[in-house]
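Hi,

Here is the structure I promised to pass on. Have a look at it below, and then read on for what turned up in it.

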Amino acid sequence: YIYQVTHDHYVTIHLMFLHLLFLFLFVFPASPALANSQVIIINQVRGKESCCQPGSLENLKKQIHYHQELNIPAHFLIRYDTLNDPSFIAELKKALDTHNHLINLGILIEITPSLAKDTNVNYQATANTWQEAQHVFTIGYSKENRKKLVNQLFNRFHQTFGFFPETSGSWMIDTPTLNYLQENFQTKAHLITREQWGTDPYHLYGGPPHYP
């Protein structure tokens, strides 16, 4: 099972889920049917770029704290603007230094103005349309520009942390880009959204099930 925190300000919901997960994994006896199950918790981390649903450093600190307190591993997928924010990076590096067996870092592939600017790719979204698929996801860009955007993201991550991440995520992605992630950066898993209906104004139904 994959549990994804799609908005990092839902800390209360996240904490409630972690406590329930702790009970099911470590307190209640496991049934034979669940003996080989695995739960992967994904936390999306957005920086402070004002156009594109900015995240919260305080909520990131709380999420890390609860994972450490309950000893539950998690993957934190970080957006490009997070990589440009020293306060976010300092917190994530501290978590890696003290709890690298619990905290895993990956990349959230969302196209923001700063990523497009640093990649020299044309960006046409406004503050009200940034979340539309043709602006925020790789499917809205040419194949050549998709590679440029991914290269900028992964190389900036490597410059910051000294390694390439094994995981990445986006609400949707095109197959050539997915292949490029695996072939050039040895990405092991990419998270997409299968279904989201009514949790916010964005609706997605029927994501391809064959993606890893």
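R79 is buried, and its relative accessible area is 0%. Please keep in mind that this is a predicted model. The partner of R79 is D81, and their side chains form a salt bridge with N and O 2.8 Å apart. D81 is buried as well, with a relative accessible area of 6%. R79 also has an aromatic neighbour, since it lies over the face of W130, 6.0 Å from the ring centre.

The bridge between R79 and D81 belongs to something wider: R46, R79, D81 and E110 are linked in a network of salt bridges. Within that network, E110 forms a salt bridge with R46, and the closest N and O atoms are 2.7 Å apart. This pair links distant parts of the chain, 64 residues apart. E110 sits in the loop between strand 4 (103–108) and helix 5 (113–119), while R46 sits in the loop between strand 2 (40–45) and helix 2 (57–70). Are these two buried or exposed? E110 is buried at 3% relative accessible area, and R46 is buried, also with a value of 3%. Both fall under the 20% that counts as buried.

Across the whole structure, the search finds seven salt bridges. Another of them has a more open setting, as the accessibilities below show. K188 forms a salt bridge with E166, with 3.5 Å between the closest N and O atoms. K188 lies in the loop between helix 8 (175–185) and strand 6 (189–191), and E166 in the loop between helix 7 (143–161) and strand 5 (167–169), so this bridge ties together parts that are 22 residues apart in sequence. K188 is exposed, with a relative accessible area of 62%, and E166 is partly exposed at 43%.

Now to the aromatic side chains. The structure holds six aromatic pairs. One of them joins Y180 and F185: their ring centres are 6.2 Å apart and their planes meet at 75°, so the pair is edge-to-face. Y180 counts as buried at 15% relative accessibility, and F185 counts as buried at 8%. Ring pairs also link these two with F154 and F164, giving a cluster of F154, F164, Y180 and F185.

Last, a helix that you may like to check in your viewer. Helix 4 covers residues 86–99, and at 1.5 Å a residue its 14 residues should span 20 Å; the end C-alpha atoms are 20 Å apart, which agrees. Which residues of helix 4 are buried? They are F88, I89, E91, L92, A95 and L96. Viewed down the axis of helix 4, these buried residues fall within an arc of 165°, so they line one face of the helix. The spacing fits a general rule: an α-helix has 3.6 residues a turn, so residues three or four places apart point the same way. On the other side of helix 4, P86 and D97 are exposed.

What covers the buried residues of helix 4? The covering parts include strand 2, helix 2, strand 3 (74–78), helix 3 (80–83), strand 4 and helix 7. Some of these elements will be familiar from above: strand 2, helix 2 and strand 4 also flank the loops that hold R46 and E110.

Happy browsing, and best wishes!

Terms used: Residues are numbered from 1 along each chain as its sequence is written. This is a predicted model: local features need pLDDT of at least 70, side-chain atom pairs count only at pLDDT 80 or more; totals for chains, interfaces and linings use all residues. Side-chain values use heavy atoms; hydrogens and water are left out. A salt bridge is a side-chain nitrogen of Lys or Arg within 4 Å of a carboxyl oxygen of Asp or Glu. Helices (H or I, at least four residues) and strands (E, at least two) are DSSP runs, numbered from the N terminus. Buried means under 20% relative accessible area, exposed over 50%, partly exposed in between (1.4 Å probe, protein chains only). Rings of Phe, Tyr and Trp (its six-membered ring) pair if their centres lie within 6.5 Å; planes under 30 degrees apart count as stacked, over 60 as edge-to-face and the rest as tilted. A charge sits over a ring if NZ of Lys or CZ of Arg is within 6 Å of the ring centre and within 35 degrees of the ring normal. The expected span of a helix is 1.5 Å times one less than its number of residues. The arc is that of the directions from the helix axis to the C-beta atoms. Contact means heavy atoms within 4.5 Å.
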